[in-house]
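This briefing covers two topics in turn: a strand with its pairing partners, and the packing of two helices.

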Amino acid sequence: MVLLHVLFEHASGYALFAVKEVEEIGMLLPQVELSVLNIGKFSSVVKLSAFFPFKSAQSALENINAISEGVVHADLKLFLETNLPTSSKKKPTLGVADARIGAALQEELGFSIQTAGVVAEIIRGVRLHFHALVKGLTAQAASKAQLGLGHSYSRAKVKFNVNRADNMIIQSIALLDQLDKDINTFSMRVREWYGYHFPELIKIVSDNSTYCRVAKMIGNRKELSEENLEALEEIVMDGAKAQAILEASRSSMGMDISPIDLINIERFSSRVISLASYRHELQEYLRSKMGQVAPNLAALIGEVVGARLISHAGSLTNLAKYPASTVQILGAEKALFRALKTRGNTPKYGLIFHSTFIGRAAAKNKGRISRYLANKCTIASRIDCFSDVPTSVFGDKLRGQVEERLSFYETGEAPRKNVDVMKEAVKEVCGGGIWVIYFVNSVSFSQENGAAEATSVKKKRKKQQEEEEVEPDTGAISENGVEDSAPAKKKKKQKSEAVEPEPEEEEPQLKKKKKKAKKSSAEGE
């Protein structure tokens, strides 16, 4: 009698296979592993019991998504209840490949589930010879169904809102950092190259991009005259500095330069200028992208620092999952592990150090403000990640809270509570609608629950005290002579024992008084 059935999920439908001679197969597992490759031997062990084809590609996608999440779909439930025999005295065992779907089936349908042992080898053989075991299904049709379902499944898993893709932010901030390094390197190369001809210009013009523009405009310093003073002033944005360049060119100690060398310097300078202008455009693009993806984080800590946090975490979702303590030291992992290894002081901040708040705080308050700022960054990133409509209202309110905390450290003025600030933000976002009422009611409901819990705890304590006072009267000594009650109960018991005998001691005292009275009366006589 067949007692083991194996469930196989294919792109074309569900299949239920009956396994013969289960006990012998379990004992001869190595022989089964070898016979899986042979369709003749394998078909004598496994037989198709039922097959349920999917009606459409959409139905196949829904069923496969349910299986991947460990949920029993309605089609699978109907298929198993219809085709799995349950009338026999001994219930059949159902073999499945995934333990999660097996646990869900056992909980919902009450079947005996098996995932280990011979089931894995049988499913491996079924996967290999599935098109031969199912009548009317060819290998080409099975592969087409698998390919189509694989494409639709992958497309559904990676589907996201293109306007809120944080991958573009990660690439942009990485390119921005790379451009900063390259522009710095190339600018130093222009300074060295053109410095042979006009060395005094290095001290007058300190900015890299401005230096490259000035070098391209001047060219040969001997040709610089009063006519070029206006154009030079437009570049350096300072009349005194332009006049100093003109005077330095007349008395320069630099060497003469050939026209071909000057052409190469001008070309290289134009390349550096174009890179600097592209960097400015990229920063504007990053600012607009952060306004779409993480507006609250950008409003709180800035576009560049917020983008670096997202890039270091890997995605906005990962950043939203991090606790505030992790966000605080994000980017300082080497210092953290070095401190843990040497048992030194752990770092107070990582990437958030580039924020203006930490720079404005006093030295003794830098750790405190970094912890507070990391807390607010965590709140802002979670709002950005899980909210449907992007808005920067919460980020502005959180930034105001950090400003208040900074002033609190300096002046001692108490900042507002977070609940009040969030209420204001919700009112601004929703316009005082249902969400505000829900938020306020939830807060008041939680407060009422807290008060109710406090009163219930007080009642329980009072009841326990009353029970403790009653317990000594019932007797708290066990059979072996050891007292089971607590030390407090012992004292109460001792007191009660000391109080109880008082009425019994009154009689001997009265007798003594009577005797004394008799003696005194006798002596008087």
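In this predicted model, strand β1 (residues 4-9) is largely enclosed by the rest of the structure, because five of its six residues are buried. Strand β1 pairs with strand β2 (residues 13-19) in the antiparallel sense and runs parallel to strand β4 (residues 93-95).

**Strand β1 and its partners**

- Six bridges hold the antiparallel pairing of β1 with β2.
- The connection from β1 to β2 is a hairpin of three residues.
- Three bridges link β1 to β4, and these two strands are parallel.
- Leu4 has a bridge partner in each of these strands: Val19 in β2 and Thr93 in β4.
- In a regular strand, side chains point alternately to the two faces of the sheet.

**Packing of helices α10 and α15**

- Two packed helices are described by the angle between their axes and by the distance between those axes.
- For helix α10 (residues 167-195) and helix α15 (residues 259-293), the packing angle is about 155 degrees and the axes lie 9 Å apart.
- Angles over 145 degrees count as roughly antiparallel, and α10 and α15 are therefore roughly antiparallel to each other.
- The crossing of α10 past α15 is left-handed.
- By class, the residues in the contact of α10 with α15 comprise 23 nonpolar, five polar and four charged.

Conventions
Residues numbered from 1 in each chain as written. Predicted model: local features only at pLDDT ≥ 70, side-chain atom pairs only at ≥ 80, totals over all residues. Heavy atoms only, no water. Axes fitted to C-alpha atoms, helices over the stretch in contact; angles between N-to-C directions. Helix = DSSP H or I, 4+ residues; strand = E, 2+ residues; numbered from the N terminus. Parallel < 35°, antiparallel > 145°, perpendicular 65-115°, else oblique. Left-handed = near helix turned anticlockwise from the far one by under 90°. Nonpolar A, V, L, I, M, F, W, Y, C, P; charged D, E, K, R; others polar. Buried < 20%, exposed > 50% of the residue type's maximum accessible area, 1.4 Å probe, protein only. Pairing = 2+ DSSP bridges.
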